[in-house]
Structure formats: C-alpha cells, structure tokens
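Subject: Handover of a structure and notes on what it contains

Dear colleague,

Please find below the structure that I am handing over to you. I would be grateful if you kept it open while reading the notes that come after it.

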Amino acid sequence: MEKSGYGMSVLFPINLEGALEALLFVSPEPLSLKKIAQVLELSLEEAKEIVLRLQEKLEQDQRGIMLHFSGEEAWLTTRPDFSVYIERLFKPPAQHLTQATLETLAIIAYKQPVTRTEIELIRGVKADSSIATLLEKGLIEEAGRKDAPGRPIIYRTTAKFLEFFGLKSLDELPPLNLENEAVNDGNNNFEE
C-alpha cells in the first residue's frame, strides 16, 4: 500500500489531526513527540507539524479544549474560559439540611450510638424523615442493634459527616453547653 506524506494511505486517507486529538484525549499523561510519531507512523518533523496544526485549529475554533505543546510533549486541557461550567459539573450539589434534620444530626453526633426512640425523646417529635435524609446523604449510618427489647437500630455519624463539617474527629465538636437548658429525663419531665 502506497503512502503519501503524514502517514496517509492514498486509498484510505486518515485525518491525522483527528487521530492525534483522539490519542491526546485518551492519554492520561502528556505524549512525547517521539511517541506521537511512532503511533501515527510519521517522522518527528511530520508529527510536530501535525501537533502545531491541531493546536492552531483548536485555537481558531475556540473549542472547549486546547492543545499545549512544549516542543517535546503535547497534551490537552480544557479552555480556561469554560472553567465556570466545569466547576458547575463537578461541584457537589448543595446539601441543605433543614433545622429538624440538623437537630437530629446534632443529637446523633453528641449521643452516639443512639436509637431513633432516644432521638425522638430528646427532640419531642418523630425523627423518621430526618434520619432517612441523613442516611441518604451518608452523614449517618446504622451502627448495629441495641441490646434492648425490639433490638432497635443504633445510629452514628460517618467519615462523610466529619468531612462535611470540616472536622478531623468527633473530639473537635464544640462543647455542649447544657447549663441553662431544660433537660428531658426521658419521661417527658423537664428539669431546669
């Protein structure tokens, strides 16, 4: 099979710029000019010319990617103009927690391991929805069963909880100040 310049077969013309773009796209690291020439079956000069043509074409078209070429290596990056869109794509969704869910999470953080019933005794209202939300968001997890009638599930916080609140350990939780708070003795009797 006869070849013309830039490794193109006369019978099956190859878009070398497209081939180079594909190679750079799938490569986890910059490609050396030598490697590009080897894979595309080109001389070093021909490979360099293809790299520069693709770089110019991507720049002229204002594409979302750009080609960087150091003279020895080539690699693709995203165009800085589009960074706001990339940040939106990879930014984790805001994890808004309701007041009730935050209260439930605080009880679990300070009293863990704790059962749903114990949480509800402290809050004075049902906690099913808040617990479900916290489990879904990965901020708490089931930590087993309590050795008590009905063997209720006990909950504890997770590593994601620590990460979410910027803590290294539970020891970094702010101290709990209950001096002037009414305390529920578990029988819905409150003491000052």
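The notes below go through the strands, a recorded region, the salt bridges, a buried residue and a surface patch.

Please bear in mind that this is a predicted model.

**Strands S1, S2 and S3**

Strand S3 covers residues 73-78 and runs antiparallel to strand S1, residues 31-32, to which two bridges join it. Within this pairing, Leu31 has Ala74 of S3 opposite it. S3 is also antiparallel to strand S2, residues 65-69, and here five bridges hold the pair together. One position to look up is His68, whose bridge partner in S3 is Trp75.

How many residues lie between S2 and S3 in their hairpin? There are three, and Gly71 in the turn has a positive phi of about 100 degrees.

**Strands S4, S5 and S6**

An open sheet is built from three strands in the order S4-S6-S5, with antiparallel pairing. S4 and S5 are at the edges and have a single partner strand each, so one side of each has no neighbour in the sheet.

The pairing of S4 (residues 114-115) with S6 (residues 153-157) rests on two bridges. In these, Val114 has Tyr155 of S6 as its bridge partner, and Thr115 stands opposite Ile154. On the other side of the sheet order, S5 (residues 140-145) pairs with S6 over four bridges. Glu142 has Tyr155 as its bridge partner in S6. Tyr155 is therefore a useful residue to find when you trace this sheet, being the bridge partner of Val114 and of Glu142 in a sheet whose edge strands are S4 and S5.

As background for viewing both groups of strands, side chains in a regular strand alternate between the two faces of the sheet.

**A region listed in UniProt**

An unreviewed UniProt entry lists residues 37-64 as "coiled-coil region". In the model, what share of this stretch is helix? The chain there is 75% helix and 0% strand, and the C-alpha atoms at its ends are 25 Å apart.

**Salt bridges**

The structure contains nine salt bridges. Three of them are described here one by one, followed by a network.

The pair Arg63 and Glu21 has its closest N and O atoms 3.3 Å apart. Arg63 is in the loop between helix H3 (44-60) and S2, while Glu21 is in helix H1 (residues 16-26), so this salt bridge ties together parts that are 42 residues apart in sequence. Arg63 counts as partly exposed because its relative accessibility is 34%, which falls between the limits of 20% for buried and 50% for exposed.

The pair Glu103 and Arg123 has a closest N to O distance of 3.0 Å. Glu103 belongs to helix H5 and Arg123 to helix H6 (residues 116-123), so parts that are 20 residues apart in sequence are tied together. Glu103 has a relative accessible area of 33% and is therefore partly exposed.

The pair Arg116 and Glu120 has its closest N and O atoms 2.9 Å apart. Both residues lie in helix H6, four residues apart, which is about one turn of the helix. Are these two residues buried or partly exposed? Arg116 is partly exposed, with 30% relative accessible area, whereas Glu120 counts as buried because its relative accessibility is 13%.

Salt bridges with shared partners also join Glu17, Glu49 and Arg53 into one network.

**A buried residue in helix H5**

Thr104 is part of helix H5, which spans residues 99-111. Its relative accessible area is 0%, so Thr104 is buried. Which residues does Thr104 touch, leaving aside those up to four places away in sequence? They are Ile119, Arg123, Ala127, Ser130, Ile131 and Leu134. Arg123 appears here again, having been named above as the salt-bridge partner of Glu103.

**A nonpolar patch on the surface**

Leu102, Phe164 and Phe165 make up a nonpolar patch on the surface, and together they have about 230 Å² of accessible area. Phe164 lies in helix H8, residues 159-164. With 34% relative accessibility, Phe164 counts as partly exposed.

Yours sincerely,
A colleague

Methods: Residues numbered from 1 in each chain as written. Predicted model: local features only at pLDDT ≥ 70, side-chain atom pairs only at ≥ 80, totals over all residues. Heavy atoms only, no water. Pairing = 2+ DSSP bridges. UniProt positions renumbered as here; feature names shortened; annotations may be inferred. Patch = residues over 30% accessible without salt bridge, like charges linked within 9 Å, V, L, I, M, F, W, Y side chains within 5 Å. Areas by Shrake-Rupley, 256 points an atom, 1.4 Å probe, with all protein chains shown as cover. Salt bridge = Lys/Arg side-chain N within 4 Å of Asp/Glu carboxyl O. Buried < 20%, exposed > 50% of the residue type's maximum accessible area, 1.4 Å probe, protein only. Contact = heavy atoms within 4.5 Å.
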